[in-house]
Amino acid sequence: MSHDRSIRDMVAAVAAGKTSAAELTTHYLDRIAAHDETLNTLISGCADTARERAVAIDAGAAADTPLAGLPIAHKDIFCMRGTRTSCGSRMLDNFVAPYDATVVERLAAAGTVTLGKTNMDEFAMGSSNETSFYGPVRNPWNTDYVPGGSSGGSAAAVAAGLVPAATGTDTGGSIRQPAALCGVTGIKPTYGRVSRYGMIAFASSLDQGGCFARSADDCAHVLQAMAGFDERDSTCVEREVPDYVGALDAQGDDYLKGMRVGLPKEYFAEGLDDASRQVIDAAIAEFEARGAEIVEITLPHTELAVSTYYVLAPAEASSNLARFDGVRYGYRCENPVDLEDLYTRSRGEGFGREVQRRIMVGAYVLSAGYYDAYYLKAQKTRRLIAQDFTNAFENVDLIAAPVTQAPAFKLGEKLDDPVSMYLNDVYTLPASLAGLPGMSVPAGFVDGLPVGLQLLAPWFEEARLLGAAHAYQQTTDWHTKRPAGFE
Amino acid sequence: MAWETVIGLEVHIQLATQSKIFSTAPTAYGAEPNTQASAVDIALPGVLPVINANVIRMATLFGLAIDADIAPTSVFARKHYFYPDLPKGYQISQFELPIVANGHLDIVLGDGAEKRVGITRAHLEEDAGKSLHEAFDRETGIDLNRAGTPLVECVSEPDMRSAAEAVAYARKLHALVQYLGICDGNMQEGSFRVDANVSVRPVGSSEFGTRTETKNVNSFRFLEKAIEFEVERQIDVLESGGTVVQETRLYDPDADETRSMRSKEEAHDYRYFPDPDLLPVVIDEAFVESARADLPELPDAKRERFVAAYGVGTEDAVALTQSRVLADYFEATVAAVGGDAKTHGKPAANWIMGDLSGALNRDGLTIADSPVSAAQLGGLIARVADNTISGKIGKDVFEALFKGEGESADAIIEDRGLKQITDTGAIEGFVDQVIADNPDQVQQYLDGKTKIVGFLVGQVMKASKGKANPKEVNQMLVAKLDAL
Amino acid sequence: MSLTADQVRNVARLARLGLDDDQIAEYAGELSNILDVVASLEKADTTDVEPMAHPLDLAARLRADRAVPVTDRDDFQAIAPATAEGVYLVPKVIE
């Protein structure tokens with residue numbers, strides 16, 4: 001079955017003429033047609049343009065590009081010229097982007113074929129992909145369960161073999177968490193590694209674009225094309241991108257030997273369910289067996305992460321979403337009587353509940369009299385949290401931890417209680433606040449639902465993350481499993 | 001009750017860059033609507049700001065010119081409010097850490113006294129777009145060409161005590177930004193916008209009264225009138241037992257009054273916070289010193305140098321240094337005359353502030369568009385100075401140059417044979433002829449009516465078609481008449 | 001931290017979100033719960049700690065002052081709710 005091939009093999013086959021881009025594209029489009037009615041991973045399909053593109057590639061259009069012929073899906077947060085880019089929201093249901101995001105440009109230049117735009121929590125706010133205007137995404141491992149969020153569509157599509165790779169974004173865990181819940185490999189790069197130009201902003205100092213695929217090696221191929229300096233993004237760093245793919249190629253079997261892996265005790269305390277803990281422990285044992293040195297570390301300010309994040313992210317979101325006003329694009333209410341009516345009804349009708357909640361929290365914490373107590377305070381606790389990691393990395397090379405406290409939950413289970421949804425993010429938020437790169441790697445199952453192992457590295461050490469994950473995936477096969485019915 | 005006026009000015013200075021402060025769109029005035037609004041200016045989802053280096057440079061030059069502190073680190077902040085000409089729903093400005101602070105401008109008052117006006121801060125921000133209320137029936141049109149144009153907002157201390165002082169400050173600032181080459185100063189096009197904060201208080205009081213802000217003043221004359229009106233209005237209100245309402249007002253030049261704007265319900269809560277799409281601007285010593293080296297000679301220094309080097313008085317020097325273009329023109333003119341700068345300074349000043357200024361005004365031109373170049377004017381002045389032509393003929397030559405009727409004073413003098421006759425023999429011929437032809441007037445002179453010599457000089461001038469040197473004619477006539 | 005309906009109304013106004021009374025009541029409860037979570041920040045000792053705006057302590061990168069002509073006006077306006085003669089239209093604003 002060609003959807004179990006690695007990206008490395010797929011692009012080599014296309015380059016050698018053994019598989020055609022058209023064949024690959026058709027294969028995945030057929031799987032989408034067969035399964036996506038149930039899973040709802042795509043908001044917009046691009047079947048026609050995909051087929052045209054594949055034909056062009058077979059005629060030589062993307063010769064000598066590293067990913068020629070690779071089918072891919074983009075989270076519907078990345079602007080794609082001529083295509084609806086909805087951000088999972090009614091506010092942008094009618095928004096056909098007039099330009100391409102840098103990530104979209106670069107992956108296209110690398111030879112990929114875009115099959116569609118994936119479903120997501122509205123404006124990237126959520127951890128279950130249930131806030132989307134286009135309906136929830138179902139977890140292919142059990143369709144009564146959530147896939148995680150906000151990049152739920154991308155994670156589920158890769159898990160179900162509807163695409164070999166998909167882009168995502170991670171602000172507080174929105175790549176790592178759905179990767180864990182869907183049993184796929186996901187990477188969130190260092191803040192500033194990937195351009196945010198064209199990536200619709202949620203929280204500007206936290207958002208980062210990354211990807212999902214079925215292995216670290218696959219992710220390395222995609223990240224290689226995405227990463228790098230972009231002069232259109234002032235927060236994108238001017239720093240050479242290492243050869244991620246080449247490094248994995250050259251990697252020996254003893255990569256993990258002597259690697260000091262830190263386990264933060266705050267991530268293994270109460271709250272982490274026992275069954276998940278066992279899966280994580282087994283994964284750590286594998287690292288140890290391969291020669292890694294396991295060290296207990298402490299990240300003492302971990303308990304401040306949720307409150308810090310839920311001040312900073314909504315504040316930045318409330319500001320970034322102020323441009324959605326029914327004037328120049330997007331949803332406009334019917335027959336506005338005056339300017340105020342235009343604003344309040346367009347925004348009241350265009351935004352869903354979770355988005356409205358966060359906008360209001362954000363406006364509140366920035367408002368006169370509250371700025372110091374909330375926003376300024378949260379920026380200080382942010383530094384304390386980041387400092388914890390800097391200190392830890394003086395003694396360890398990597399940090400390993402759970403991604404979530406439990407596997408996927410049922411659809412609808414947490415919708416009435418936003419706070420309990422927020423508290424779920426406790427293990428992913430700290431690395432986001434510190435801007436560190438992180439991965440989620442499939443590590444096992446609990447009652448048939450996937451559990452992910454989180455790996456964190458110092459700033460700009462994506463190669464080390466990929467290397468460690470790749471080493472782990474040489475002697476384990478969790479990442480190769482397929483949900484029943486999607487083999 | 002004796003009242004004291006307290007005025008502070010906030011001036012928005014549009015920087016004359018090629019591209020906008022955060023986007024690469026062009027900044028030229030007058031383009032078709034929305035043809036200079038890029039994806040960033042329209043605030044499409046996903047776009048990001050990138051800072052224009054020239055804006056930082058210009059702001060630094062400005063800070064140095066007003067003797068201010070240049071912040072080693074300054075931060076852009078978002079200022080939130082909803083209005084259709086503000087596409088992002090926030091303006092990128094500066095709040096807690098502005099790029100320039102603690103400067104001053106020294107002004108000269110009517111009586112010649114000098115006064116220092118403090119400048120609290122000058123910060124960078126982006127301009128908003130334009131709302132067009134008249135063009136559409138029940139709708140307002142939004143043109144975002146101006147959105148994103150770089151502005152320096154310069155805030156003075158409330159140090160001014162009269163409308164005249166405020167105007168002197170505004171004029172000086174206006175000249176300065178043009179001198180620095182950072183602003184074209186075109187008030188009609190909105191490049192330089194002045195808002196006046198005005199309040200009054202009893203003389204001797206140290207507390208400030210409630211102030212109002214008057215906007216939409218696009219000339220110095222209107223600024224003066226608006227302030228004067230507002231001061232009187234506030235005094236009237238207070239003297240009749242009322243209180244001044246803190247509000248924004250607009251000046252109506254037709255009615256010569258200020259009016260309250262539709263009252264802004266609540267004070268805005270701008271929810272400032274540092275813009276997370278931008279990193280702090282760091283300015284090191286080397287950058288500041290390199291900017292300092294780029295500073296042109298400023299108006300005050302130039303004025304003093306003109307007085308010393310060109311022998312012109314302070315009043316003339318002030319007039320000539322009003323703008324850099326004018327000052328440069330003056331210097332080029334004197335240089336073109338050649339010889340001793342001190343001798344030719346005053347005549348050059350007179351020609352420029354007199355004949356040239358008059359002709360330019362008459363035709364609605366500025367010095368920059370002058371049809372007479374500095375070289376041409378200098379050449380003309382030289383010919384008057386060396387007596388080739390009289391001053392009177394010089395005016396004719398000037399008009400000819402202005403109309404483009406000749407390439408140089410010399411060419412015109414040559415073509416029209418305007419050379420002044422200084423040859424004694426030739427003049428003597430005319431003088432003898434006039435004495436012979438006007439016996440009555442000669443007799444009058446001999447009878448003691450010496451003033452009649454003027455008539456006789458005129459006759460000689462007529463006979464010589466204006467070309468005889470009048471001084472020589474006069475001398476010779478008197479000598480010959482006295483010898484009779 | 002308990003928010004009153006009026007406080008919610010004020011915040012909704014700041015954010016230009018049109019909410020009816022039922023929604024305001026619901027949000028008051030939800031927002032209060034969220035602010036309760038956030039309240040734990042108070043206890044943290046942040047004496048002498050510099051605020052962190054970005055993970056990377058870097059300075060702004062500046063770009064050269066070069067104008068690039070805008071050629072997409074038509075594309076931008078094709079997706080707008082209401083335009084005429086090259087301008088965006090909104091209900092008339094009274095100044």
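Buried area is the accessible area, taken with a 1.4 Å probe, that two parts lose on being put together, summed over both. Keep that in mind for the walk through this predicted model, starting where chain A meets chain C.

Between chain A and chain C, about 5,000 Å² is buried, and carbon and sulfur atoms give 69% of that area. Chain A brings 66 residues to the contact and chain C brings 50. If you want three residues to click on, try Met360(A), Tyr364(A) and Arg383(A): together they supply 15% of the area that chain A buries against chain C, more than any other three residues.

There's plenty of polar chemistry here too. The A–C interface has 18 residue pairs in polar contact, counting pairs with both residues at pLDDT 80 or more. On the chain A side, α10 (305-320), α11 (339-350), α12 (353-366), α13 (372-392), α14 (418-423) and α15 (429-434) each put in at least two residues. The largest share comes from α13(A), with 11 residues. Sort the side of chain A that touches chain C by type and you get 37 nonpolar, 14 polar and 15 charged residues.

As for charge pairs, 6 salt bridges cross from chain A to chain C. One to look at is Arg16(C) with Glu340(A), whose closest N and O atoms are 3.0 Å apart.

Now swing round to chain B. Here 37 residues of chain A are in contact with 30 residues of chain B. About 2,700 Å² is buried between these two chains, with carbon and sulfur atoms giving 61%. Ser234(A), Arg323(A) and Arg328(A) supply 22% of what chain A buries against chain B, more than any other three residues.

How many salt bridges cross between chain A and chain B? The rule finds 1. Arg196(A) and Asp277(B) meet in a salt bridge, 2.9 Å from N to O. Polar contacts across the A–B interface come to 15 residue pairs, again with both residues at pLDDT 80 or more. Helices α10, α11 and α12 of chain A each supply at least two residues of the side that touches chain B, and α10(A) gives the most, with 4 residues. That side of chain A splits into 20 nonpolar, 8 polar and 9 charged residues.

While you're on chain B, have a look at strand β14 (residues 248-252). This strand is mostly covered, with 4 of its 5 residues buried. Its parallel pairing with strand β13 (residues 212-217) of chain B runs over 3 bridges. In one of them, Lys215(B) has Leu250(B) in β14(B) as its bridge partner.

Back to salt bridges, this time over the whole structure: the search finds 61 across all chains. Within chain A, Asp249(A) and Arg8(A) pair up at 2.4 Å, N to O. That pair links distant parts of the chain, with Asp249(A) in helix α8 (residues 244-250) and Arg8(A) in helix α1 (residues 7-15), 241 residues apart. Arg8(A) is partly exposed, at 24% relative accessible area.

Chain B offers another pair, Glu405(B) with Arg416(B), at 2.8 Å from N to O. Glu405(B) sits in the loop between α11 (391-402) and α12 (409-416) of chain B while Arg416(B) is in helix α12, so the salt bridge ties together parts 11 residues apart in sequence. Glu405(B) is partly exposed at 43% relative accessibility, and Arg416(B) is partly exposed at 43% as well.

Finally, salt bridges that share partners join Arg353(A), Glu354(A), Arg357(A), Arg358(A), Glu26(C) and Glu30(C) into one network.

Notes
Residues numbered from 1 in each chain as written. Chains lettered and ligands numbered in written order. Predicted model: local features only at pLDDT ≥ 70, side-chain atom pairs only at ≥ 80, totals over all residues. Heavy atoms only, no water. Contact = heavy atoms within 4.5 Å. Salt bridge = Lys/Arg side-chain N within 4 Å of Asp/Glu carboxyl O. Polar contact = N/O pair within 3.5 Å; in protein donor to acceptor, adjacent residues only side chain to side chain. Nonpolar A, V, L, I, M, F, W, Y, C, P; charged D, E, K, R; others polar. Buried < 20%, exposed > 50% of the residue type's maximum accessible area, 1.4 Å probe, protein only. Pairing = 2+ DSSP bridges.
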